[in-house]
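Ready for a few exercises on a protein with DNA? Have a look at the structure, try each task yourself, then read the solution.

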There are 2 protein chains.
Amino acid sequence: MDLQKRSTEELILEAAQAVFLEKGLAGARMQEIADRAGINKALLHYYFRSKEKLSALIIERAIGVILPRVMAVLDTDMELFDKIRLVVDTYLTFVSRNSFLPLFIVNEVNRNPHFFFRAVVEKERNHLDKFRRQVEEAVAQGRIHPISPAQLFMNVMSLVIFPFLGKPIIQVGLGLSDKDFKREMEHRRTEVAEFVIRAIRA
Amino acid sequence: MDLQKRSTEELILEAAQAVFLEKGLAGARMQEIADRAGINKALLHYYFRSKEKLSALIIERAIGVILPRVMAVLDTDMELFDKIRLVVDTYLTFVSRNSFLPLFIVNEVNRNPHFFFRAVVEKERNHLDKFRRQVEEAVAQGRIHPISPAQLFMNVMSLVIFPFLGKPIIQVGLGLSDKDFKREMEHRRTEVAEFVIRAIRA
DNA sequence: AGGTAGTTTAACTGCTTGGTTAAATTTATG
DNA sequence: CATAAATTTAACCAAGCAGTTAAACTACCT
């Protein structure tokens, strides 16, 4: 079947993802997706009936790949500081290889929170509970500075994801070449976690 | 002239901004802009020839409002920690009142870095030099943990801006109502700066 | 060899959208 | 009041786009 070479279906999905990420949902063209997949528009519609259905698939796929990764780490029994180190590293590695994904997700989630709501509420609920309790406990024991789990969660997410969203702003603002930027991102893999830990350690 | 009520031109610009922020450049419709401005399409084109010219204006306006604010603060002679407190507070206040702006800017800057490049390079260059030297000096004197100005700048930007971009993600992930979210953002106004300061203070 | 799924070609429909136009109408302004 | 500017109306054009269709071709399967 499709053991040897990537199936047409996969080719289309890859092409669709690429185009959607680059141009956004509204900006993407079915013709371009077909072209990039090396097929024609008729076949594209033969596989995925409409643009809407195709885009829904891509969105689900995108969220479904990135979300469980973080949640899985946050849900372990690992010690808090190590958990922070691991989640930063995991996330940063993944996003480095899919640098357009955050912008796409953030966009579509803002445009239509419904998708995301379903995706999370129905599956990934209370995967944060362990993390939440862990933080509250550490605060109560005086091991870390008082901070709400929500704020800490936001801070970690922010430090990891934003630089990819704001890449052009940061590059222009700081005068970094592509190589420079990549190097700074490499630094971040270790520095962000230590930054956070220094900020909360009592 | 246009002293009493807002001129038609302003009405259009406001409507255009609203629609562009909501739908994105590609998703925005000239008809909708006209409707929201309370005029008709003909008049819309009578004032601003094309969608492209109109959107260029909106982008420039958006960037031009938010960028100088941060730069002005970073360029003062203020002591480093106070500067961090001020820039966080200034930015957070502004963005709270224009919560769709960051998403729009981040989008368009990624889609077309050229705009932003011109806007910054031609005006706001080396407004970061003072901040840069300041950080390097503080590191050299051992007053703060070793950190590059670039990383520190990214961290502050991230912590301030990201929560607005990821609002739906955070809300769903943490199960926050709109009121909850707003309250958390209120906390951030003071907490983010202290978080950063604790992270770098030697 | 014949059938079936996958694929191409090429033309076409119907709708949306940006943009235009010309004439009519209203509003300000001197 | 008269003139010019602002605004509406309504129709229109051309281009782009999602989606359809039918016929032909290809490759593989049994």
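**Exercise 1.** Find which residues are closest to DNA strand D.

*Solution.* Start with the whole set: 16 residues surround DNA strand D, where near means that a heavy atom of the residue lies within 4 Å of the strand. The closest are A:Lys41, A:Lys51, B:Thr8, B:Asn40 and B:Tyr47. Before going on, note that this is a predicted model, in which local features need pLDDT of at least 70, side-chain atom pairs count only at pLDDT 80 or more, and totals for chains, interfaces and linings use all residues. Residues are numbered from 1 along each chain as its sequence is written, chains are lettered from A and ligands numbered from 1 in the order in which they are written, and side-chain values use heavy atoms, with hydrogens and water left out.

**Exercise 2.** Work out how the protein meets the phosphates of DNA strand D.

*Solution.* Look for polar contacts, here pairs of N or O atoms within 3.5 Å.
- A:Lys51 uses a backbone N or O atom, 2.6 Å from a phosphate oxygen.
- B:Asn40 brings a side-chain N or O atom to 2.7 Å from a phosphate oxygen.
- For A:His45, the side-chain distance to a phosphate oxygen is 3.4 Å.

Next, ask which elements give two or more residues to this surface: helix 3 (41-47) of chain A and helix 3 (41-47) of chain B. Helices here are DSSP runs of H or I with at least four residues, numbered from the N terminus. Helix 3 of chain B gives the largest share, four residues. Finally, of the strand D atoms within 4 Å of the protein, 63% belong to sugar or phosphate and the rest to bases.

**Exercise 3.** Do the same for DNA strand C.

*Solution.* This strand has 17 residues around it, and A:Thr8, A:Asn40, A:Tyr47, B:Lys41 and B:Lys51 come nearest. A polar side-chain atom of A:Tyr47 is 2.5 Å from a phosphate oxygen, and one of B:Arg29 is 2.8 Å from a phosphate oxygen. For strand C, the largest share of the surface, four residues, comes from helix 3 of chain A.

**Exercise 4.** What rotation superposes chain B on chain A?

*Solution.* Superpose the copies by least squares on the C-alpha atoms of residues with pLDDT of at least 70 in both. The rotation is 180 degrees, with 0.0 Å of shift along its axis and an RMSD of 0.1 Å. That is how a two-fold axis relates two copies. To place the axis, find B:Ala199: in chain B, its C-alpha is the nearest, 2.0 Å away.

Conventions: A polar contact is a pair of N or O atoms within 3.5 Å; within protein, one must be able to donate a hydrogen and the other to accept it, and residues adjacent in sequence count only if both atoms are side-chain atoms.
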